[in-house]
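Work through the exercises below with the sequence and the model open side by side. Each task is followed by a solution in steps.

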Amino acid sequence: MSLTKAERTVILSMWDKISTQADAIGTQALERLFASYPQTKTYFPHFDLHPGSAHMRVHGAKVVAALGEAVKSIDNIGGALAKLSELHAYILRVDPVNFKLLSHCLLVTVASHFPADFTADAHTAWDKFLSIVSCVLTEKYR
């Protein structure tokens with residue numbers, strides 16, 4: 001699966017807006033993930049998982065920063081996220097389905113922050129981009 005030129009343009013243009021609200025988007029996506037899929041909390045026993053906690057803000061910022069690396073390397077997402085994939089597969093042992101769940105929560109969060117920009121084409125582009133990111137992150141599981 002690869003992004004079309006039009007989809008890349010959408011991702012790159014929206015990223016400029018998303019990056020200005022990266023911390024809030026990351027935090028809200030994690031809050032959404034833990035509320036909607038409580039089983040994902042098991043990977044964070046040492047975190048304060050209350051909405052808006054320092055742990056949530058810091059980790060949310062890391063999640064969006066990793067997305068930013070994928071956006072910056074949109075032609076080589078696998079290379080950009082290889083170390084993150086290894087970390088989650090070999091050290092943290094995160095169930096790969098969780099990447100898809102988080103992708104959905106990120107998609108909803110971005111849509112809620114930018115409703116005017118989140119057209120059907122933008123939705124399609126971001127869904128495809130996040131699917132690629134999820135696939136890359138599960139690469140080391142195969």
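**Exercise 1: a pair between two helices**

Glu7 counts as buried, because its relative accessibility is 12% and buried means under 20% relative accessible area, exposed over 50% and partly exposed in between, with a 1.4 Å probe and protein chains only. The model is predicted: local features need pLDDT of at least 70, side-chain atom pairs count only at pLDDT 80 or more, and totals for chains, interfaces and linings use all residues. Residues are numbered from 1 along each chain as its sequence is written, and side-chain values use heavy atoms, with hydrogens and water left out.

Task: place Glu7 in the fold and find which residue forms a salt bridge with Glu7.

Solution.
- Step 1. Glu7 is part of helix H1 (residues 5-18); helices (H or I, at least four residues) are DSSP runs, numbered from the N terminus.
- Step 2. Setting aside residues up to four places away in sequence, Glu7 touches Ser2, Thr124, Ala125 and Lys128; contact means heavy atoms within 4.5 Å.
- Step 3. The salt-bridge partner is Lys128, with the closest N and O atoms 3.0 Å apart. A salt bridge is a side-chain nitrogen of Lys or Arg within 4 Å of a carboxyl oxygen of Asp or Glu.
- Step 4. Lys128 lies in helix H7 and Glu7 in helix H1, so this pair ties together parts 121 residues apart in sequence.

**Exercise 2: the other salt bridges**

Task: how many salt bridges does a search of the whole structure find? Describe the Arg8 pair and the Lys72 pair.

Solution.
- Step 1. The search finds 4 salt bridges.
- Step 2. Arg8 meets Asp75 in a salt bridge at 2.0 Å, N to O. Arg8 is in helix H1 and Asp75 in the loop between H3 and helix H4 (77-80), so parts 67 residues apart in sequence are tied together.
- Step 3. Arg8 is partly exposed at 26% relative accessibility, whereas Asp75 is exposed at 60%.
- Step 4. Lys72 and Glu69 form a salt bridge at 3.1 Å, N to O. Both residues lie in helix H3, 3 residues apart, about one turn of the helix.
- Step 5. An α-helix has 3.6 residues a turn, so residues three or four places apart point the same way.
- Step 6. Lys72 is exposed, with a relative accessible area of 66%; Glu69 is partly exposed at 35%.

**Exercise 3: helix H6**

Task: check the span of helix H6 and state which helices its buried residues pack against.

Solution.
- Step 1. The expected span of a helix is 1.5 Å times one less than its number of residues.
- Step 2. For the 17 residues of H6 (residues 97-113) this gives 24 Å, and the end C-alpha atoms are 25 Å apart, which agrees.
- Step 3. The buried residues of H6 include Asn98, Phe99, Leu102 and Cys105.
- Step 4. The buried residues of H6 pack against H1, helix H2 (22-36), helix H3 (54-72), H5 and helix H7 (120-137).

**Exercise 4: Thr138**

Task: is Thr138 buried or exposed, and what does its side chain reach?

Solution.
- Step 1. Thr138 is in the segment after H7.
- Step 2. Thr138 is buried, at 13% relative accessibility.
- Step 3. Its side chain reaches the backbone oxygen of Cys135 at 2.9 Å.
- Step 4. Apart from neighbours within four places in sequence, Thr138 contacts Ser85, Pro96 and Phe99.

Methods: Helix = DSSP H or I, 4+ residues; strand = E, 2+ residues; numbered from the N terminus. Polar contact = N/O pair within 3.5 Å; in protein donor to acceptor, adjacent residues only side chain to side chain.
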